[in-house]
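Please walk through this structure strand by strand, and then along the contact between its chains.

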Amino acid sequence: MRRTTASSTAVPPRTTCRSRGVNRPEPTRRPLPTVSKLFTSDRGNACAMKILVTVKEVAEAADDFEIEGTDIGEQYLEYDLNEWDDYAVEAAVQLSEEYDDVEVVSATIGSERAEETIRMALAKGVDRAIRVWDDDVAAADLDVAAKTRLFAAVVEEEDPDLVLSGVQAADDGFGATGVSLADEIGFDWAAVVNDLETEDDLSMAHVHRELEGGIEELTDVDFPAVLTIQTGLNEPRYASLRGIRQAQSKEIAEFGLADLGLDADAVASPIARTAMYEPETESDATYLDGAADEQAGQLADVLRDKGVVSE
Amino acid sequence: MSDVLAVADHRRGAVRGVSFEIVRAGRELADDLGGDLHLAVIAGDVDGFADRLSLAGVDAIHTVEAGEEFNHDLYAGATAALFEELAPTAVLMPNSVNGLDYAPAVANRLDVPLVADAVDLAYDDGLEATREMYGSKVETTVEVSEEPVAVTVRSGEWAALEERADVPVEAFEYEFDESASGARVQGFEEVGAGDVDIADAEFLVSVGRGIEEEENLELIEELVEVTGATMSSSRPIVDNGWLPKNRQVGQSGKQVTPDVYLAIGISGAVQHVAGMKGAETIIAINTDPNAPIFDIADYGIVGDLFDVVPALIEEFN
């Protein structure tokens with residue numbers, strides 16, 4: 001079943017998803033769609049939708065670690081797909097399963113080591129991947145603006161209808177790239193999305209934004225859009241053996257700054273990390289020591305003493 | 001150019017607590033710079049909010065009357081317009097969920113560097129911010145070599161500034177047509193309603209990622225049964241669908257203040273601590289002696305929950 005049947009353009013439907021490039025109009029602010037608008041499509045028909053998912057390989061520090069200079073020593077770091085991005089990948093793959101002709105492309109800024117993480121995303125159903133890296137990028141301390149410029153260049157190349165990113169990265173936790181990118185490329189956006197429903201013609205999404213204190217904001221967002229995805233939106237799948245096998249033959253395209261029409265200025269950052277240290281522990285906890293049964297005995301006494309358990 | 005512009009946060013008719021904290025952060029930074037603190041109040045009952053925020057140390061309040069609730073196009077546009085008008089050295093915005101939705105757009109639009117989620121700020125020949133990394137395991141200093149700069153500040157890091165004063169209020173004209181905005185708020189929904197209100201419980205047994213598997217929750221259920229406690233959890237347990245949302249303690253879940261909060265396999269991320277630090281007695285069981293939960297615990301057990309919890313159940317059987 002195709003979802004682009006109502007299109008009135010003369011271009012015949014194609015089954016492959018290719019960039020629609022220059023033919024696409026500049027994104028414009030649209031008024032609230034009327035009901036009839038919701039059931040028609042003017043989105044062209046080369047592809048129902050292309051989704052770009054930004055994916056980051058993040059470092060997690062071991063329980064015991066040492067700081068070397070302004071970072072944790074490499075030997076204490078383990079790398080994995082950013083947890084928030086895992087939910088973003090799942091959201092994209094689910095949309096590709098729900099609709100015909102949806103292509104999911106992941107974009108990563110990262111060294112060759114990140115390919116392992118990218119393969120995981122490919123194994124989960126991402127169609128192909130882009131990895132941005134070169135010596136200038138490697139040497140840079142990328143801030144939000146620099147990441148925005150790199151991803152904006154990828155967006156220009158790929159021309160997606162929807163960009164999904166994680167709310168934040170688990171390691172440096174800026175939580176800003178998705179919205180900054182949206183503003184830069186002129187897409188609409190919603191941050192901290194924990195519920196997502198799309199209109200059948202893929203013209204817009206009804207999202208929930210997870211506010212503080214158990215309140216959710218219900219918002220309608222026009223496409224093209226950037227949504228930053230909160231954990232809990234869905235249940236990220238595990239890669240199947242078949243998926244892992246298929247991922248081996250999927251394309252990971254490498255882009256350097258020059259390939260994206262950028263130069264080293266694009267990754268220059270005025271923000272520098274000049275120190276890293278372990279926070280002073282303020283713990284004045286009374287530790288209950290001994291073997292597990294001794295610890296449990298002391299804990300039971302504390303609970304009885306506080307009057308929250310009888311006996 | 002040595003002023004600071006801070007932006008207040010409000011929701012559904014009430015000024016949010018972080019607004020009083022951002023005023024203190026802004027005042028301290030303005031003092032370092034030798035400049036004024038301007039406070040922006042955008043959307044809703046701006047005059048009422050301006051009155052609430054007439055605080056000692058604010059030099060001027062700028063109200064933007066447009067719309068009822070938060071809209072990121074309005075906030076980003078009005079903040080950027082005020083910034084251009086006032087030409088401050090720094091603009092401070094809250095690192096709230098709404099801050100996440102507009103602050104990066106402000107920085108991008110103004111083409112200024114963004115430091116997100118600052119927990120401390122200083123100015124010495126340039127802005128220096130303290131930030132956490134690696135899930136609060138370390139703190140970092142970042143220095144910004146360009147001005148002006150945009151900063152988002154974490155809630156709960158600066159003491160609320162409550163002292164009142166007469167502050168001049170000026171209306172700032174900003175044209176905004178909400179119907180033309182590509183992201184339109186349709187309403188709000190309270191989540192987490194259910195059979196149990198964990199906020200009422202005197203004794204909470206709260207479980208986190210350390211439980212590892214859904215079936216291991218049986219162990220905690222047994223403990224809850226023999227002690228008469230109420231079960232709550234940290235975020236990952238709810239994200240995994242193992243417990244309903246009404247059991248979640250933390251920034252996006254419930255705020256709880258029980259007599260005793262027993263945290264089992266919870267590391268104590270800042271978002272979780274925000275929801276339970278008001279408990280009278282906090283007890284933590286965790287294998288990692290460096291877990292931040294021990295910083296706020298009154299009693300600590302460094303050990304494996306799969307050894308300690310069965311022994312504790314035995315104590316009450």
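In this predicted model, strands β17(B) and β18(B) pair in the parallel sense, over 4 bridges. One of the residues involved is B:Ile285, whose bridge partner in β18(B) is B:Ile301. B:Ile285, in β17(B), also stands opposite B:Ile264. That second pairing belongs to strand β16 of chain B (residues 260-264) and strand β17 of chain B (residues 281-286), which run parallel and are joined by 5 bridges.

These strands are part of an open sheet of 6 strands with parallel pairing. Read across, its order is β15(A)-β18(B)-β17(B)-β16(B)-β14(B)-β15(B). The edges are taken by β15 of chain A (286-287) and β15 of chain B (230-233); each has a single partner strand, so one side of each has no neighbour in the sheet. Strands of a sheet pair through backbone hydrogen bonds, in either a parallel or an antiparallel sense.

The sheet thus includes a strand from chain A alongside strands from chain B. β15(A) pairs with strand β18 of chain B (residues 299-302) in the parallel sense, over 2 bridges. There, A:Thr286 stands opposite B:Tyr299 in β18(B).

A further pairing between the chains runs the other way. Strand β11 of chain A (residues 215-222) and strand β13 of chain B (residues 183-190) are antiparallel, and 7 bridges join them. Within this pairing, A:Val221 has B:Ala183 in β13(B) as its bridge partner.

The next topic is the contact as a whole. How many residues does each chain bring to the contact? Chain A contributes 88 residues and chain B contributes 83 residues. The size of an interface is often given as the accessible area lost when the parts come together. For chain A and chain B the buried area is about 7400 Å², with 53% of it on carbon and sulfur atoms. Three residues, A:Trp189, A:Glu212 and A:Pro270, account for 9% of the area that chain A buries against chain B, more than any other three residues.

Polar and charged interactions also cross this contact. Between chain A and chain B there are 42 residue pairs in polar contact, counting residues with pLDDT 80 or more on both sides. On the side of chain A that touches chain B, helix α8 of chain A (residues 292-305) gives the most, with 10 residues. That side of chain A divides into 44 nonpolar, 18 polar and 26 charged residues. The salt bridges between the two chains number 9. A:Glu83 forms a salt bridge with B:Arg209, with the closest N and O atoms 3.3 Å apart.

Over all chains, the whole structure holds 33 salt bridges. Within chain A, A:Arg273 forms a salt bridge with A:Asp71, and the closest N and O atoms are 3.3 Å apart. A:Arg273 lies in strand β14 of chain A (residues 271-277), while A:Asp71 lies in strand β4 of chain A (residues 71-72), so the pair ties together parts that are 202 residues apart in sequence.

The domain assignment for chain B gives domain 1 (4-180) and domain 2 (198-316). The C-alpha centres of domain 1 of chain B and domain 2 of chain B lie 34 Å apart.

Some backbone details remain, in loops of both chains. In chain A, a cis peptide bond joins A:Phe223 and A:Pro224, with omega about 0°. A:Pro224 is in the loop between β11 and β12 (225-229) of chain A. In chain B, the peptide bond from B:Glu147 to B:Pro148 is cis, with omega near -5°. B:Pro148 is in the loop between β10 (138-144) and β11 (149-153) of chain B. Which residue other than glycine has a phi near 55°? A:Asp159 has this positive value, and A:Asp159 is found in the loop between α5 (144-158) and β8 (162-166) of chain A.

Methods:
Residues numbered from 1 in each chain as written. Chains lettered and ligands numbered in written order. Predicted model: local features only at pLDDT ≥ 70, side-chain atom pairs only at ≥ 80, totals over all residues. Heavy atoms only, no water. Contact = heavy atoms within 4.5 Å. Buried area = accessible area lost by both parts, 1.4 Å probe. Salt bridge = Lys/Arg side-chain N within 4 Å of Asp/Glu carboxyl O. Polar contact = N/O pair within 3.5 Å; in protein donor to acceptor, adjacent residues only side chain to side chain. Nonpolar A, V, L, I, M, F, W, Y, C, P; charged D, E, K, R; others polar. Pairing = 2+ DSSP bridges. Domains from an automatic or database assignment.
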